[in-house]
Amino acid sequence: QYGTNFWGKADNNYGFGTSNIADNIKVAANQPLNISQHHDDLKDDSEYIPKYWETAADGEKVWNYVQQQEGNVTPKKQNPLSYGLSGLIGGAKVGYNYLKLRSKPYTDKYKHAYINCNAAQSGKGGYDVVTALSNFKEQQDISSGGNTIDSSSADNYANIIGRTLGTKYPDEDCDVLVQRYINKNW
């Protein structure tokens, strides 16, 4: 209908009913903040997505955000030969990257995510090997008293974020991928 206000409060908005853009903007403004914003600058902790965390609760916030951004990612099935080969390659990458990153001054969560990302890029076999090794390490850290259950759970969120990124982007640089969501440096 010519002369009606398309998005205003007219009785007939070309079949779209009434709408109030100002209210929609207010709703959008209350959505979680961009992950690149550092949480120390914010007053209300419930509205941030941290790029580094020590607790499982914060790790879960980041993981939920990664799932929203990247979708539900699972490794593709492989035939037994390529599965075994990717498992060997993934396992070798875990050992190599662990030794390479152990003494670097990077954040703990970055190291966890990077190692898992790089191994998962090998395929489903690499994904499964790094999952098993990561879970074993966290169990050992709890058993030895090196980590609390909460701290190991926080590490596991970094592990799964890394595996998700490595699976979704098998040909991209894990350093760049991980830094989308996790601080590399302290």
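1. In this predicted model, the charged end of Arg-180 sits over the ring of Tyr-169, at 5.0 Å from the centre of that ring. A second arrangement of this kind involves Arg-163, which lies over the face of Tyr-127 with a distance of 5.7 Å from the ring centre.

2. Arg-163 also appears among the neighbours of Ser-134, a residue placed in helix H5. Leaving aside residues up to four places away in sequence, Ser-134 touches Asn-116, Asn-156, Asn-159 and Arg-163. Ser-134 has a relative accessibility of 9% and therefore counts as buried, the cut-off for that class being under 20%.

3. As to the overall architecture, the secondary structure of the protein consists of seven helices and zero strands, so that the order of elements from the N terminus reads α-α-α-α-α-α-α. Of the 186 residues in the protein, 40% are buried. Among contacts between residues at least 6 apart in sequence, 64% join residues that are at least 24 apart. The accessible surface comes to about 10900 Å², and carbon and sulfur atoms account for 53% of that area.

4. Helix H4, which covers residues 108-120, deserves a paragraph of its own. Its 13 residues should span 18 Å at 1.5 Å a residue, and because the C-alpha atoms at its ends are 18 Å apart, the model agrees with that expectation. The helix is mostly covered, with 12 of its 13 residues buried; among them are Lys-109, Tyr-110, His-112, Tyr-114, Asn-116 and Cys-117. The cover over the buried residues of H4 includes helix H3 (80-101), helix H5 (124-143), helix H6 (149-168) and helix H7 (174-179).

5. The structure holds one disulfide, and this link joins Cys-117 to Cys-174 with an S to S distance of 2.2 Å. The pair connects distant parts of the chain, since Cys-117 belongs to helix H4 and Cys-174 to helix H7, with their positions 57 residues apart in sequence. The angle about the S-S bond is -80°, and the link of Cys-117 and Cys-174 is left-handed. Both Cys-117 and Cys-174 are buried.

6. Four aromatic pairs are present in the structure. In one of them, the rings of Tyr-106 and Tyr-110 have centres 5.4 Å apart and planes at 75°, and the pair is therefore edge-to-face, given that planes over 60 degrees apart fall in that class. Ring pairs also link Tyr-106, Tyr-110 and Tyr-114 into a cluster. Within this cluster, Tyr-110 counts as buried because its relative accessibility is 2%.

7. A last point concerns Glu-54, whose place is in the loop between helix H1 (21-29) and helix H2 (56-70). With a relative accessibility of 45%, Glu-54 counts as partly exposed. Not counting residues up to four places away in sequence, Glu-54 touches Lys-109, Asp-150, Ser-151 and Ala-154, and of these Lys-109 is one of the buried residues of H4. Glu-54 and Asp-108 are 54 residues apart in sequence, while their C-alpha atoms are 9.4 Å apart in space.

Technical notes
Residues numbered from 1 in each chain as written. Predicted model: local features only at pLDDT ≥ 70, side-chain atom pairs only at ≥ 80, totals over all residues. Heavy atoms only, no water. Helix = DSSP H or I, 4+ residues; strand = E, 2+ residues; numbered from the N terminus. Expected span 1.5 Å × (residues − 1). Buried < 20%, exposed > 50% of the residue type's maximum accessible area, 1.4 Å probe, protein only. Contact = heavy atoms within 4.5 Å. Disulfide = S-S within 2.5 Å. Areas by Shrake-Rupley, 256 points an atom, 1.4 Å probe, with all protein chains shown as cover. Phe/Tyr/Trp six-rings, centres within 6.5 Å; stacked < 30°, edge-to-face > 60°. Lys NZ or Arg CZ within 6 Å of the ring centre and 35° of its normal.
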